[in-house]
Amino acid sequence: MTREVDARRTRFTKRWARGIVDRAFVPMSSDELVGYLTDLSDRIVALHTAAKFDPDQAREIGAALVAADVTDSGALGLTLTLLTADPLTATAGTPKRRREIRAALADGFAAALRERTLAEQESIRLALVDARRQAEQALSVSQARFQAVFSEAAIGIALIDDQQHIADANQALGDLLGRAPDGLAGHGLDEYAHPQDAEAVRSAVAGLFAGAPTPVQLERRFTGRDGALVWGRMTLTTIEAPAGHQYAVAMIEDSTERRLLEARLEYQAWHDPLTGLANRELLLKRLDETLAGKTGAVGLCYLDLDGFKAVNDSYGHETGDGVLVAVAQRLDLALRRTGCLVARTGGDEFVILIDDPDGEPVQCGERALAALHDPLRVGGHELSVSACVGVVDRVVDRFTAAELMQAADTTLYWAKSEGAGRLAVFDPDRHAREVARYSLAAAMPAAVEHGEFVVEYQPLVGLADDRLRGVEALVRWRHPELGWLPPDKFINLAEETGAIVPLGRWVLRSACEQAQRWQDIAADDFFVSVNLAVRQAHEKHLTDEVSEVLSSTGLPADRLVLELTESAIMGPAAEPLRALHALTDMGVRLAIDDFGTGYSNLAYLRRLPVHALKIAGSFVSGMADATDNGVGGPDPVDERIVETLVELAHALDLTVIAEGVETVGQASRLREFGCDVGQGWHFARPSAPDAITARLLAERNNHH
């Protein structure tokens with residue numbers, strides 16, 4: 001145990017001991033009590049952190065309190081409060097573990113106290129039997145002993161004759177029932193029971209005289225002073241009297257405090273301690289019950305406050321808690337008449353369960369937002385609070401409780417993405433698409449390791465001589481279930497999730513290894529072009545990784561071209577720019593991909609270590625003429641843009657590559673504009689390395 005934890009445990013134990021001494025008499029000194037509770041504190045901490053919860057160990061702690069004569073209910077209440085509020089235990093373990101510890105400890109305390117009471121009851125019964133057995137020998141002594149036990153006992157006792165009427169009652173029973181003991185005589189015990197429990201009490205007494213096995217134990221409600229409800233744990237036994245008479249002895253222990261404690265613990269288990277609303281456990285329980293009993297009539301509204309963190313940061317957590325309480329009251333008031341269950345599931349999140357066939361989840365969501373329209377007054381502040389709501393409406397047949405909650409959470413995310421104070425309704429088709437995307441993203445890292453990705457190569461052809469100048473490496477995914485996936489199905493997803501970094505690293509190595517194999521048959525200026533994603537450009541070790549790949553594959557640096565988008569290199573960050581200069585110093589060439597669709601800042605471009613520009617295919621597609629599509633002539637604006645870009649790039653001494661060349665006419669116009677290299681289906685589609693090898697061999701043979 002660390003010094004800090006040990007100090008916290010010592011403070012906890014002293015608070016515990018001081019609270020017990022203030023509430024109850026304990027037959028030991030303060031130091032002895034602290035020493036006794038120290039061991040229990042260690043056991044409580046161990047229960048919070050144990051991998052598996054053993055309720056018997058928590059019950060033993062409750063029983064140990066009773067064994068030390070800490071039997072007052074106030075001492076138990078203090079113990080449970082400390083387990084909830086003290087820093088030593090309030091943050092230890094999970095909320096569920098803390099509730100389990102409190103419940104089991106209280107159960108052990110109650111069980112030990114009950115066993116002690118039963119032992120006292122048994123002692124009383126034995127005293128009664130013993131008194132009867134010795135009546136003939138020492139009648140006066142036994143009567144005195146019985147009367148002492150009967151009169152001074154802390155639990156209520158009644159003698160019941162064979163007519164099932166009370167023959168005698170002690171003061172404790174009179175106090176319990178709020179009546180004079182003498183006034184109980186001649187009445188049936190069932191007359192003082194709660195109307196709903198009177199028959200059970202009457203049947204128990206009758207069964208005893210009819211020969212039922214003894215003792216009989218039951219717990220029922222009685223009517224106390226001024227009609228107050230009193231719980232009594234009753235034990236019934238029989239005794240034999242002279243002349244063949246039979247009596248029953250009813251010993252009744254006041255269990256009201258224990259019952260109230262159990263009720264409080266149950267309430268705490270199902271309700272949020274801050275707002276008093278149902279908690280997540282009760283919500284899920286009710287949702288399970290609703291789904292099991294109905295179909296097509298359940299809905300959820302998942303509500304989350306907008307910018308609640310700013311409230312805590314600006315006004316403090318006390319004000320933040322006040323806002324949560326005020327919001328809970330507004331929601332409960334607005335939706336109480338609809339029969340909805342309003343729950344707080346944690347933080348600033350609330351969930352509304354609608355299980356009324358006539359209920360309208362969307363209307364409930366709108367009503368919840370309207371309830372927050374007016375500002376809240378909390379701690380002297382007037383605060384405007386808004387929220388977003390995700391609504392799932394009547395899809396019971398498709399979801400389990402957990403899936404329904406997840407669908408509502410997803411819908412809330414949709415609403416949040418649209419701004420503050422928004423409401424979104426669950427769309428199964430959109431949800432299915434997003435689940436498919438997430439599944440694809442989750443599978444991507446393993447797909448790299450399992451070799452599901454392959455690299456195809458698209459020729460880059462010189463427009464002046466139709467010679468193969470290089471190839472662009474393009475990754476494809478051979479998905480085991482979805483089949484052949486082109487880049488547009490997964491590249492953006494890979495960039496969003498960060499999976500593009502390991503994937504891009506693998507593509508770079510694969511392309512360089514293949515380019516090295518082509519060295520013997522390719523021209524001296526033949527290169528392989530590899531796309532570099534934005535995330536890769538911002539990687540700290542990009543330069544080292546590229547250097548290691550070139551070194552391990554043996555590919556000369558000037559045979560590698562890295563393609564980057566304008567946004568990857570023209571942003572404000574300095575780190576990518578330093579990396580690009582380091583790469584060009586190494587001999588690697590750089591090209592800007594999709595030029596013309598981003599910043600297109602030529603003044604900034606001239607300061608970058610760039611060797612080539614790739615004109616976006618959207619401009620090239622507008623250069624089609626009547627011979628290409630049979631519709632009309634080329635777009636003069638697109639032609640002028642392309643021509644201007646070629647001229648400007650050449651003025652900067654940059655090579656110009658045109659993407660998306662699909663027709664003879666486009667290739668011809670690009671050639672007229674002086675464009676250096678073309679890429680597109682007009683020349684060749686992406687293909688396996690063998691096709692590139694065959695073309696390189698054919699060009700070499702033709703050249704010779």
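A crossing of two helices is called left-handed if the near helix is turned anticlockwise from the far one by less than a right angle, and right-handed if clockwise. With that in hand, let us walk through this predicted model, in which local features need pLDDT of at least 70 and side-chain atom pairs count only at pLDDT 80 or more, while totals for chains, interfaces and linings use all residues. Residues are numbered from 1 along each chain as its sequence is written, and side-chain values use heavy atoms, with hydrogens and water left out.

A good pair to begin with is helix α14 (residues 317–335) and helix α15 (residues 361–371); helices here are DSSP runs of H or I with at least four residues, strands are runs of E with at least two, and both are numbered from the N terminus. In a right-handed crossing, α14 passes α15. Two packed helices are described by the angle between their axes and the distance between the axes. For α14 and α15 the angle is about 135° and the axes are 9 Å apart, where axes are lines fitted to C-alpha atoms, for helices over the stretch in contact, and angles run from 0 to 180 degrees between N-to-C directions. The two helices are therefore oblique to each other; angles under 35 degrees would count as roughly parallel, over 145 as roughly antiparallel, and 65 to 115 as roughly perpendicular, with the rest oblique. On the α14 side, Arg330, Leu331, Ala334 and Leu335 meet Cys364, Arg367, Ala368 and Ala371 of α15, contact being heavy atoms within 4.5 Å.

From α15 we can step onto a sheet. Its five strands form an open, mixed arrangement in the order β7-β8-β6-β11-β12, and two strands pair if DSSP finds at least two bridges between them. The edges are held by β7 (341–346) and β12 (423–425), each with a single partner strand, so one side of each has no neighbour in the sheet. On average, neighbouring strands are turned by 20° against each other, direction ignored. Within the sheet, β6 (residues 299–305) and β8 (residues 349–354) pair antiparallel over six bridges, and Leu303 has Phe350 in β8 as its bridge partner. Helix α15 packs on this sheet, touching β6, β8, β11 (387–393) and β12, with its direction at about 170° to that of β11. Helix α16 (residues 401–417) also lies across β6, β8, β11 and β12, running at about 135° to β11.

Elsewhere, strands β1 (residues 156–160) and β2 (residues 166–169) run antiparallel, joined by three bridges, with Leu159 opposite Asp168 in β2. Five residues separate the strands of this hairpin, and Gln164 takes a positive phi near 65°. Gln164 is partly exposed, at 29% relative accessible area; buried means under 20%, exposed over 50%, and partly exposed in between, using a 1.4 Å probe and protein chains only. Asp466, in the loop between β13 (453–462) and β14 (468–479), has a positive phi near 60° and is partly exposed at 45%.

Finally, look inside for the nonpolar cores, sets of buried Ala, Val, Leu, Ile, Met, Phe, Trp, Tyr and Cys residues joined through side-chain atoms within 4.5 Å. The largest has 52 residues, and Phe490, Val528, Leu560 and Leu562 have the most contacts inside it. Helix α19 (residues 500–517) supplies the largest share of this core, eight residues. Beyond its neighbours within four places in sequence, Leu560 touches residues including Leu508, Cys512, Val528 and Val588. Apart from this core lies another, of 31 residues, among them Phe53, Ile61, Leu65 and Val66.
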